[in-house]
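This report walks through one protein model, from the overall layout down to single residues. Keep the sequence and the 3D view open while reading.

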Amino acid sequence: EMPPPDVEYPEAQINALGNELLNLRGGAMTVSCVGAQTFIDELVAATQDGTLERGGARYRAADALIIDDVHFVGGKEKTQDELFHIFNAFYDAGKQIILTSDKAPRELGDLEERLRSRFDGGLVVAIAQPDRALREKLYVRYFAQREVEGGADVVEYLAERQAASVRETIGTVHRICAAVEVG
């Protein structure tokens, strides 16, 4: 079950992808959205409990799997091994798998070559920094979610400044709101 799209958390973007997949299929599919750290933590716990087979099966049962920040699996041998098997199961079944990362697959230094080649074999899309118009919309939206009136001048000022990502705009809103609450 996916949280509503207006929930504010770092994985909101992958949630939007999951919701779009559901919309395209008329809701007739199961989408699993997970951050890489949660994925890692669950697999480590399953390994320690001796239930790794069951832990991986939870993800394999989905029709689509979206893992955010997959670069965090770098250097984690057992997690990479399980991800490799999950990836192959999805590929063989013709299921959708979406992975996000802050780097292209070939730039992920601690990633096993067998995973890197699979990741590179799919559609790799670089997402550009948000432009001014998008930054403005994001600031308005995130201030509204925090029930803080950003004011047109503040939004205008912030939108003029470059932001490397949507997450950076969210962080800026959090810092401003925290400063307002303290002050």
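Helices here are DSSP runs of H or I with at least four residues, numbered from the N terminus. That numbering places glycine 94: this residue sits just after α4 and takes a positive phi of about 70 degrees. The model is a predicted one.

**Overall layout**

The protein chain holds eight helices and three strands. Read from the N terminus, the elements run α-β-α-α-β-α-β-α-α-α-α. Along the principal axes, the C-alpha atoms fill a box of roughly 55 × 35 × 30 Å. Of the 183 residues in the chain, 36% are buried. Take the contacts in the chain with a separation of 6 or more: residues 24 or more positions apart account for 69% of them.

**Helix packing**

Three helix pairs are set out below.

| Helix pair | Angle between axes | Axis distance |
|---|---|---|
| α2 and α4 | about 100 degrees | 10 Å |
| α4 and α5 | about 35 degrees | 10 Å |
| α6 and α8 | about 45 degrees | 10 Å |

Start with α4, which covers residues 77-93. How far should its 17 residues span at 1.5 Å a residue? The expected span is 24 Å, and the end C-alpha atoms are 24 Å apart, so the two agree. The buried residues of α4 are Thr79, Gln80, Glu82, Leu83, Phe84, Ile86, Phe87, Asn88 and Phe90.

Two of the tabulated pairs involve α4. Its partner α5 covers residues 113-120. The crossing of α4 and α5 is left-handed. On the α4 side, the contact is made by Gln80, Asp81, Leu83, Phe84, Phe87 and Asn88. On the α5 side, Arg114, Leu115, Arg118 and Phe119 take part.

The other partner, α2, covers residues 36-49. Angles from 65 to 115 degrees count as roughly perpendicular. α2 and α4 are therefore roughly perpendicular to each other. From α2, the residues Phe39, Ile40, Leu43 and Thr47 meet Lys78, Thr79, Glu82, Leu83 and Ile86 of α4. Leu83 of α4 thus serves in the contact with α5 and in the contact with α2. Leu83 is also on the list of buried α4 residues.

**The α6 and α8 pair**

Helix α8 spans residues 166-182. Its 17 residues should cover 24 Å, and its end C-alpha atoms are 25 Å apart, which agrees. What caps the N-terminal end of α8? Serine 165 does: a side-chain oxygen lies 3.4 Å from the backbone nitrogen of arginine 167. The buried residues of α8 are Thr169, Ile170, Gly171, Thr172, Val173 and Cys177.

Helix α6 runs over residues 132-145. α6 and α8 are oblique to each other. Their crossing is right-handed. Arg135, Leu138, Tyr139, Tyr142 and Phe143 of α6 meet Val166, Thr169, Ile170, Thr172, Val173, Ile176 and Cys177 of α8.

Threonine 172 is one residue of this contact. Is threonine 172 buried or exposed? At 15% relative accessibility, threonine 172 counts as buried, because the cut-off is under 20%. Beyond residues up to four places away in sequence, threonine 172 touches Tyr139 and Leu158.

**Strand and loop residues**

Leucine 65 lies in strand β2, residues 64-68. This leucine is buried, with a relative accessible area of 0%. Leaving out residues up to four places away in sequence, leucine 65 touches Ser32, Val34, Tyr59, Ile86, Phe90, Gln96, Ile97 and Ile98. Leucine 65 and isoleucine 98 are 33 residues apart along the chain, yet their C-alpha atoms are separated by 6.3 Å.

Aspartate 69 lies in the loop between β2 and α4. Aspartate 69 is buried too, at a relative accessible area of 16%. Its phi is near 60 degrees, a positive value in a residue other than glycine. Most residues other than glycine have a negative phi.

Leucine 111 is in the loop between β3 (96-99) and α5. At 5% relative accessibility, leucine 111 counts as buried. Outside its neighbours within four places in sequence, leucine 111 contacts Val73, Gly74, Gln80, Arg116 and Phe119. Glutamate 168 is 57 residues from leucine 111 in sequence and 26 Å from it in space, C-alpha to C-alpha.

Conventions: Residues are numbered from 1 along each chain as its sequence is written. This is a predicted model: local features need pLDDT of at least 70, side-chain atom pairs count only at pLDDT 80 or more; totals for chains, interfaces and linings use all residues. Side-chain values use heavy atoms; hydrogens and water are left out. The expected span of a helix is 1.5 Å times one less than its number of residues. Buried means under 20% relative accessible area, exposed over 50%, partly exposed in between (1.4 Å probe, protein chains only). A polar contact is a pair of N or O atoms within 3.5 Å; within protein, one must be able to donate a hydrogen and the other to accept it, and residues adjacent in sequence count only if both atoms are side-chain atoms. Axes are lines fitted to C-alpha atoms, for helices over the stretch in contact, and angles run from 0 to 180 degrees between N-to-C directions. Angles under 35 degrees count as roughly parallel, over 145 as roughly antiparallel, 65 to 115 as roughly perpendicular and the rest as oblique. A crossing is left-handed if the near helix is turned anticlockwise from the far one by less than a right angle, and right-handed if clockwise. Contact means heavy atoms within 4.5 Å.
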